[in-house]
Amino acid sequence: DGVLFSEVRRPCRVMLLVNPQSGKGQALTLYNNHIQRMLNEAGVPHTLVITERQNHAREVVREADLSQWDALVIMSGDGLLFEVINGLLERSDWEEAIHTPLGILPGGSGNALAASIHHYSGAMPVSSEELLVSCGFLLCKGLVSRMDLASVHLPSSPRLFSFLSLAWGFVADVDVESEKYRHVGAARFTVGTLVRLASLRVYKGKLAYLPAAADCKEEGDLGNRTTLHCNNQSSSFCPASLLCRPSRDSPCQNAAHHTFHNSCHSNNSLKVRRTESTPSRNATKALTGPSDTLLPSLDQPVPSDWVVVQEEDFVLMLAMYQSHLAEDLLAAPDSTLDDGVIHLFYVRAGISRTALLRLFLAMEKGAHLATNCQHLVYSRVRALRLEPYSPKGVITVDGEVVEYGPVQAQVHEGLARLITG
Ligand code: ADP
Ligand code: MG
């Protein structure tokens, strides 16, 4: 494909948001040692924005004149990208804003999306600075892909957008408790997991989900279900002209991919979107962002085509939209960037500490599903709802703690754009 950055008529302008406090507090050093030269050599001029506090990046992105920027790149953990995505979707021009190509360079302790991008590139697993260098190269290649987001509803907070995960129980507790081990970097999740195993407990609640139409792809059947359910839906918006690079495969498959060049400079690219033409079943009233056509309001029962899980005693619930939960945890090995699927896992109560530890160890290679653990359940879904029974607890979205209580989410296939190399 050549060096895409050199094809553009003028250099791309990249805003590089760096969180100096992320991870072990080394993001700026890592930038100076690795990234600055790499970007300069690739001819990618960039402006550093060093974040000063929580929500700084969110505010910057919410107010920015996006016509001045061709890409927003985050050098931090997943937490900073969470802010940027939510900032973009809070804008009145959110439909265009969310098409701004995003990039991520792992500089935090939770670098799950960076690890996912590296994994999707087909390269062997690496960590720490090797992962950073790999993501730096992928960024310089400048190929933009679509990325799924999920919208998340909570009882009294505004709707959130999530690019990675929704967790409750064991994983959410580890997310929070491991904050105090952040000085060990990405190993904080390993340490946190071992500590949590010692105080393993049961979490009670009700879980329901809308299954993904799994058979749709094989049969090539668009069916009568809402178009959003069908993987083959991509064919109907395949922008055959400007955006698709000629491809040996079916054009639809590559509709998700176009060059940084095109996305930077073709106005048309901003207008081509997956249309969610289905009339809203119970669209929530949101000021900005796409409407959640699959979700009734939280106080209404779930629709009849949803599956209500019989068990009410869990050890964890984990919904993933990308492959990695952490640098060394391949939680959803089948996930791709824009499969339009929420990969839902839950572990039923009754699992032994040893078996749970075995699951997490197997997860390093994405082999946990192959362990045939009777307590682990995996489903591909489009939407889900969780109603915890206990009055106190932890729910995390992309590793960040959110309001605790009933929560529901639906996937928005390919809503964002990410530089994946
Ligand atoms: P990590 O993976 O190390 O947790 P994150 O990117 O998730 O890194 O960042 C953690 C949090 O730090 C984010 O919620 C972000 O809002 C916050 N943050 C950003 N800039 C700063 C800063 N200058 N000081 C303190 N916190 C910050
Ligand atoms: Mg974080």
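User: In this predicted model, in which sense do β11 and strand β12 (residues 342-348) pair, and over how many bridges?
Analyst: The model is predicted. In β12, H343 is the bridge partner of M320. The two strands, β11 and β12, pair in the antiparallel sense, and the number of bridges is six.

User: Which residue in β11 stands opposite A167?
Analyst: Strand β7 (residues 165-169) is joined to β11 by five bridges, and the two run antiparallel. Within β11, the residue opposite A167 is L318.

User: What is the bridge partner of K204 in β11?
Analyst: Strand β8 (residues 203-211) also pairs with β11, in the antiparallel sense and over two bridges. The partner of K204 in β11 is D313.

User: Is strand β11 (residues 313-320) largely enclosed or largely open, and how many of its eight residues are buried?
Analyst: A residue is buried if 20 or more other C-beta atoms lie within 10 Å of its own. Strand β11 is largely enclosed by the rest of the structure, because the number of its eight residues that are buried is seven.

User: Which residues of strand β4 (residues 102-106) are on the side with G103?
Analyst: Five of the five residues of β4 are buried, so the strand is largely enclosed by the rest of the structure. In a regular strand the side chains alternate between the two faces of the sheet. For β4, L102, I104 and P106 are on one side, and both faces are covered; the other side has G103 and L105.

User: Which residue in β4 is the bridge partner of V73?
Analyst: Strand β3 (residues 71-76) and β4 run parallel and are joined by five bridges. The partner of V73 in β4 is G103.

User: Which residues touch the most other members of the largest nonpolar core?
Analyst: The largest nonpolar core has 109 residues. One of those named for touching the most other members is M75; not counting residues up to four places away in sequence, M75 touches L16, L17, V18, A27, Y31, I35, L105 and G107. The full list for the core is L17, V73, M75, L81, V84, I85 and I342.

User: How far apart are the end C-alpha atoms of α3, and what span should its twelve residues have?
Analyst: The expected span is 1.5 Å times one less than the number of residues. For α3 that comes to 16 Å, which agrees with the distance between its end C-alpha atoms, 17 Å.

User: How many of the twelve residues of α3 are buried?
Analyst: The buried residues of α3 include D78, E83 and N86, as well as L80, L81 and F82. Helix α3 is mostly covered, and the count of buried residues is eleven.

User: Which helix gives the largest share of the shell around ligand 1?
Analyst: The ligand is surrounded by 20 residues, and the closest are S22, S76, G77, G79 and G108. By class, the shell divides into two nonpolar, 13 polar and five charged residues. The largest share, four residues, comes from helix α3 (residues 78-89).

User: What covers the buried residues of α5?
Analyst: Helix α5 (residues 112-120) has seven buried residues out of nine and is mostly covered. The buried ones are A112, L113, A114, A115, S116, I117 and H118. The elements covering them include α3, β4 and α6.

User: Which residue follows α5, and what is its phi?
Analyst: The residue after α5 is G122. Its phi is positive, near 90°.

User: Is S134 buried or exposed?
Analyst: S134 is found in helix α6 (residues 128-141). Leaving aside neighbours within four places in sequence, S134 is in contact with H118, A123 and V126. There are 20 other C-beta atoms within 10 Å of S134, so this residue is buried.

User: How does H34 count by its C-beta neighbours inside 10 Å?
Analyst: H34 is placed in helix α1 (residues 27-41). Apart from neighbours within four places in sequence, H34 is in contact with E129, L132, V133 and G136. A residue is exposed if 12 or fewer other C-beta atoms lie within 10 Å and buried if 20 or more do. With 17 such neighbours, H34 counts as partly exposed.

User: What percentage of the residues of the chain count as buried?
Analyst: The secondary structure of the chain comes to 14 helices and 16 strands. Of its 421 residues, the share that count as buried is 47%.

Methods. Residues numbered from 1 in each chain as written. Chains lettered and ligands numbered in written order. Predicted model: local features only at pLDDT ≥ 70, side-chain atom pairs only at ≥ 80, totals over all residues. Near = placed C-beta within 6 Å. Nonpolar A, V, L, I, M, F, W, Y, C, P; charged D, E, K, R; others polar. Pairing = 2+ DSSP bridges. Contact = placed C-beta atoms within 7 Å. Core = buried A, V, L, I, M, F, W, Y, C linked by C-beta atoms within 7 Å.
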